Amino acid sequence: APLGLIEQDGIVTLSRPETTVHITLTIKKESLTAGPYARYAMKYLGITAPLTDKTSYEITGCCIGDTAPEQKCRQTSTQTASHIRSEQGFPAITIDRLSGEQMSLEQRASEAAKKIFSLRRSRMDLITGEAGENVFGAGLGTALTEIENMEQEYLSLFLGKHTTSYVTAHFSVKPVKDKPAYIICRFDHQAGLLKDSDLSGTPVLLDISSSEIPVEGLNINPKPGSKDKQYRIAALAECRIIYKDTQIGSRIIPVYQLGETVAIKSR
């Protein structure tokens with residue numbers, strides 16, 4: 001790239017070529033909300049259910065470039081996994097009872113478990129033809145799907161809610177010569193992304209090592225004259241993202257700050 005004062009179409013501009021390294025990290029967040037009947041899952045269903053809420057984070061993607069990413073990369077996506085259809089909370093399920101007496105938490109768990117087994121029997125009866133003699137074709141598929149949805153809602157009371165979301169974070173670094181490493185942020189599996197100044201997290205590093213400066217074919221003047229034009233040649237630099245001594249992304253890009261200034265002979 002030309003260096004210094006550049007005149008074009010009667011306009012004089014000052015050219016100081018610099019490279020900015022842009023890093024995009026994709027963070028996966030998993031949230032588990034324990035079900036209100038979790039402690040009774042083994043007793044009534046014979047399965048183990050998580051008893052406490054839990055949130056964890058993981059870096060799942062890394063992109064490096066010398067151009068700024070598009071704004072649409074900043075979108076956040078959320079997906080709620082099995083055992084529940086609603087992302088807002090657990091379903092409000094009414095347990096059918098003949099008496100109006102107040103039920104304890106364990107009694108409600110017992111009733112929910114009975115409902116689960118009842119739904120499973122109904123599904124098996126439909127599949128084997130024991131019930132639903134007027135249910136067939138598309139209607140049978142619809143009935144089975146609705147039974148499955150109802151069972152999953154009851155199961156969510158025991159197994160909880162599992163939500164997975166993804167978010168992208170963007171960072172920009174202007175490299176300087178003789179500085180090979182930069183802390184772009186900090187990360188913790190329980191807290192997620194943290195500021196680079198937050199010492200509670202592990203640093204996510206940008207490591208830059210220059211390899212070669214491509215000057216082949218250029219008519220470089222070792223003794224610049226007054227008519228020779230000044231240019232800045234970018235060095236081909238390997239940019240690596242390091243987290244906990246593990247490389248999670250790398251790319252070779254031209255970086256002007258690590259290159260050299262040369263004079264090209266005027267023709």
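## A tour starting at lysine 43

Start by selecting lysine 43, which counts as exposed because its relative accessibility is 56% (exposed means over 50% relative accessible area, buried under 20%, partly exposed in between, with a 1.4 Å probe and protein chains only). This is a predicted model, in which local features need pLDDT of at least 70 and side-chain atom pairs count only at pLDDT 80 or more, while totals for chains, interfaces and linings use all residues. Residues are numbered from 1 along each chain as its sequence is written, and side-chain values use heavy atoms, leaving out hydrogens and water.

Stay with lysine 43 for a moment: it sits in helix 1, residues 41–45 (helices are DSSP runs of H or I with at least four residues, strands are E runs of at least two, both numbered from the N terminus). Now add glutamate 106, whose side chain makes a polar contact with that of lysine 43 at 2.3 Å. A polar contact is a pair of N or O atoms within 3.5 Å; within protein, one must be able to donate a hydrogen and the other to accept it, and residues adjacent in sequence count only if both atoms are side-chain atoms. Select alanine 113 too: its C-alpha lies 9.8 Å from that of lysine 43, with the two positions 70 residues apart in sequence.

Next stop, the sheet. Show strands 8, 7, 9, 10 and 11, which form an open, antiparallel sheet in the order 8-7-9-10-11. At its edges are strand 8 (192–194) and strand 11, each pairing on one side only (two strands pair if DSSP finds at least two bridges between them). Zoom in on strands 7 and 9, joined by 6 bridges; isoleucine 183 has leucine 205 in strand 9 as its bridge partner.

Now colour the largest nonpolar core, which has 25 residues; Val21, Ile23, Leu25, Ile184, Val204, Leu206 and Ile208 touch the most other members. Such a core is a set of buried Ala, Val, Leu, Ile, Met, Phe, Trp, Tyr and Cys residues joined through side-chain atoms within 4.5 Å. Strand 10 gives the most to this core, with 5 residues. Pick leucine 25: beyond four places in sequence, its contacts (heavy atoms within 4.5 Å) include Ile59, Phe171, Ile184, Val204 and Ile248.

Finally, colour by pLDDT, the predictor's confidence in each residue from 0 to 100. The chain mean is 83, and 79% of residues reach 70 or more. Among the elements, strand 7 has the highest mean (96) and strand 5, residues 77–80, the lowest (47). Over residues 71–88, pLDDT stays under 50.
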